Amino acid sequence: MNCMIMARASGIFGAPNDQVGVVLFGTEETNNQPNIDHGGYENICEAFELKTANWQTLRILEHQILRSDSEANWLDALIVGNNFLRNGALGKKFTELSIVLISPMLVRADVDESDVEKVIDAINAIGAELHVITNHVLHPAASVGPIFSTSGVFDEQATKSSERCHNERLVKVVLKHLNEGTLSNINWAERKLAFIGPKVVRPTPWNNTLFIGTKVKLSISAYLQISEQKGLGSFKVDNVDGSSTRVEMKTEHFLNDKKIDLFMQDVTVGYMYGSTAVPYDSTIEIEYRSGESRLTCLGFTPSKNVLEEHLSGNGTYVVVAKKGCSASHKKLCALVKAMHELDVAMIVTKVYRKDTRPRLNALLPSYKNEIPCFVMLELIFKDELSSLKFPALLKSKHKPTDEQYDAVSKLIDSMNLMDALEDTNGECREAFGLQNTYNPTLQHVYRTVAHRALHPKQSLPLVDNTLRELIEVPKTLAERSKPILEEVKKLFTLKEIQPKSRNEWLQRVAKISVGADLNSQSSSTTIDSGIFEADDDTGCVSRRKVVSVGTVTPAEDFALLLRRGEKFTTVATQLQNAVFELLFTSMRPPGNKVNAAVMVYRSEAIKLGPYRYNEWITEFKETLLSHNKKQFWEQVIVGERMGLISAHESDMSTVSDEQAASFYKLPTESTVMEKKSDDDFIDPDSLLDDLYQIS
């Protein structure tokens with residue numbers, strides 16, 4: 001019964017348009033058409049007529065159908081089921097018909113060969129497939145794919161009764177002479193039915209023309225082969241209580257928690273930028289008109305030039321010649337063969353619909369089931385590629401030893417997925433194979449919805465063990481790799497390195513006295529300090545809340561914001577602005593604020609990424625020298641060694657030790673004089689004279 005319920009639930013999710021009927025045998029009552037017409041066929045009941053599966057039927061099967069002590073012949077049930085399917089399909093159009101027989105086959109079927117032949121002819125007459133689910137069936141380890149796609153064999157070594165052996169011989173004869181049929185183990189079938197496959201839909205082609213140059217045209221059809229599974233749709237039709245009332249969506253508008261009546265003419269289209277609403281007017285949109293829908297060849301390139309990291313898009317298309325176009329089929333076959341031999345790919349421009357945005361695509365030659373075709377993958381543009389800089393992995397001080405190489409090699413071999421699972425027969429098979437690995441999130445949603453539909457008042461189930469196996473390391477693999485992991489742990493010792501510079505700037509920040517600066521602030525809101533002050537409930541001393549790096553305590557603000565979880569790039573930019581303001585625009589002497597700020601910036605950049613700091617300190621050096629801050633340069637930057645972060649200090653740096661050392665050297669005097677002569681020079685002493693003459 002559980003297997004039948006799972007099969008119907010799977011049909012509701014995966015094939016909602018399929019019609020299913022139920023014939024029960026072994027029931028106390030008898031209700032079937034052959035019994036009425038000819039007699040016999042006792043204890044067999046036509047329970048549910050042929051119609052689309054629904055939750056109400058499953059709830060009846062789950063709660064109202066009870067096990068009885070009556071027995072019935074499985075072959076008689078097969079005859080009743082075939083007759084039930086033939087009568088139910090009259091006047092209807094189906095793509096295929098199937099009979100699923102679920103039985104332990106304990107009751108002997110006393111029939112002659114002529115009766116068996118009549119059963120076979122009757123099933124073949126309606127073009128139905130027979131799928132038998134029972135026990136004592138073995139499946140090969142390579143059995144992949146959905147249920148009813150592969151067939152098992154009876155276990156000849158199992159202990160069975162004479163009635164069971166006789167029934168197995170009859171089943172073999174029936175399946176042998178049928179056009180289509182499978183044999184499945186009951187436990188294997190339940191494991192397969194526990195996973196809901198994607199909904200079967202009729203493929204819709206994208207028909208278009210492939211232009212190659214000015215004279216070659218191919219009529220093609222592109223079919224979407226790989227796409228993201230959407231899962232369940234919206235719940236708008238079926239109710240949990242089984243009533244026929246339609247579930248409708250209702251939208252209400254609230255303003256300050258009060259319900260309001262909103263009219264569409266009062267609605268302004270816009271976007272949310274964070275918590276800010278930005279109105280959008282479609283009349284000012286500048287549209288790029290790409291022209292008619294098309295697929296245009298731009299040229300050919302070696303297949304090795306199409307890198308995996310350059311692929312994008314939401315799916316994979318298979319491109320074949322359009323149905324009925326023999327000339328295009330011949331051209332495509334010749335083109336695929338030539339590109340396959342030359343190992344090249346075609347780069348094309350794809351305009352999916354008129355005036356839509358053009359996209360770059362790569363057409364790779366392939367043979368799907370020995371049929372020549374193209375696999376079409378979307379490519380990126382230059383401005384969609386992020387340039388990432390990483391330091392070299394293999395350096396002299398970090399180069400692994402031969403023992404470490406061997407240990408990692410053994411670890412990879414021990415974690416081989418091709419033999420990570422063992423079935424009940426002791427045979428090894430692949431783990432996480434594509435055909436058997438489902439999306440655990442979607443599967444849990446399916447099972448949760450099914451549980452709530454069948455048991456409305458029960459709590460939702462936890463994640464099943466079969467779903468946990470999809471995201472956990474197989475037990476066999478974990479045990480096999482455990483000693484190798486211990487060896488790797490011994491060979492690759494990890495030591496925590498505490499940067500010395502962090503302790504230095506912590507001590508330096510502790511010595512900074514900001515009392516005078518804080519007392520000089522007269523307003524309750526200090527913008528340049530990045531501190532918001534608000535009165536507390538007692539109306540006495542105000543509390544300070546750091547919202548950005550300011551000029552009062554830049555080093556402390558920087559460290560506090562980082563601990564709070566702010567982005568390093570954002571806080572670093574604020575610190576750079578504060579340092580610039582203290583040195584070049586503030587009327588008060590900066591004191592040790594800038595020293596501590598640069599020191600804390602450099603120490604955090606060593607850990608979080610030195611690229612931004614190295615770029616800034618290079619520009620900062622030029623700014624200092626151009627503003628005659630040579631004393632600050634020598635005492636702070638050079639004296640405290642706060643220049644470029646080298647690869648010796650941070651593995652993420654690309655600056656060598658030689659480059660870091662040469663950074664502290666000033667340009668020659670001739671170079672400085674040459675730069676000054678090129679710039680417009682203004683004498684500050686002459687400004688007052690000019691002002692006096694103008695007045």
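This is a walk through the structure above, from the whole chain to a few single residues.

The model is predicted, so some care is built in: local features need pLDDT of at least 70, side-chain atom pairs count only at pLDDT 80 or more, and totals for chains, interfaces and linings use all residues. Residues are numbered from 1 along each chain as its sequence is written, and side-chain values use heavy atoms, with hydrogens and water left out.

Let's begin with the overall picture. The protein contains 22 helices and 23 strands; helices (H or I, at least four residues) and strands (E, at least two) are DSSP runs, numbered from the N terminus. Of its 695 residues, 34% are buried. Here buried means under 20% relative accessible area, exposed means over 50%, and partly exposed is in between, with a 1.4 Å probe and protein chains only. Contacts, meaning heavy atoms within 4.5 Å, can also be sorted by separation along the chain. Among those between residues at least 6 apart in sequence, 67% join residues at least 24 apart.

Now turn to the N terminus, where you will find helix H1, residues 2–14. H1 has 13 residues and reaches 18 Å from its first C-alpha to its last, close to the 18 Å expected at 1.5 Å a residue; the expected span is 1.5 Å times one less than the number of residues. How much of H1 is buried? Eleven of its 13 residues are, so H1 is largely enclosed by the rest of the structure. The buried set is Cys3, Met4, Ile5, Met6, Arg8, Ala9, Ser10, Gly11, Ile12, Phe13 and Gly14. Both strands and helices help to cover these residues: the cover includes strands S1 (19–25), S3 (97–102) and S4 (128–134), as well as helices H3 (55–63), H7 (186–193) and H10 (440–454).

Next come two helix pairs that share H5. Two packed helices are described by the angle between their axes and the distance between the axes. The axes are lines fitted to C-alpha atoms, for helices over the stretch in contact, and angles run from 0 to 180 degrees between N-to-C directions.

In one pair, helix H4 (residues 74–88) packs with helix H5 (residues 113–125) at an angle of about 30 degrees, and the axes are 10 Å apart. H4 and H5 are therefore roughly parallel to each other; angles under 35 degrees count as roughly parallel, over 145 as roughly antiparallel, 65 to 115 as roughly perpendicular and the rest as oblique. Their crossing is left-handed, a term used if the near helix is turned anticlockwise from the far one by less than a right angle, with right-handed used if clockwise. From H4, Leu75, Leu78, Ile79 and Asn82 make the contact, while H5 brings Val119, Ala122 and Ile123. By class, this contact has six nonpolar, one polar and no charged residues. Ala, Val, Leu, Ile, Met, Phe, Trp, Tyr, Cys and Pro count as nonpolar, Asp, Glu, Lys and Arg as charged, and the others, Gly among them, as polar.

In the other pair, H5 packs with helix H6 (residues 162–177) at an angle of about 35 degrees, with the axes 10 Å apart. The crossing of H5 and H6 is right-handed. Here Val116, Ile120 and Asn124 of H5 meet Leu170, Val173, Val174 and His177 of H6. This contact has five nonpolar, two polar and no charged residues. An α-helix has 3.6 residues a turn, so residues three or four places apart point the same way.

A few single residues round off the tour. In the loop between strand S17 (359–368) and strand S18 (371–379) sits Asn369, and Glu370 is in the loop between S17 and S18 too. Phi is near 55 degrees for Asn369, a positive value in a residue other than glycine, and near 65 degrees for Glu370, again positive in a residue other than glycine. Asn369 counts as exposed at 74% relative accessibility, and Glu370 counts as exposed at 75%.

Is Phe580, in helix H16 (residues 568–585), buried or exposed? At 40% relative accessibility, Phe580 counts as partly exposed. Not counting residues up to four places away in sequence, Phe580 touches Thr585 and Thr623. Phe580 and Thr623 are 43 residues apart along the chain, with 9.4 Å between their C-alpha atoms.
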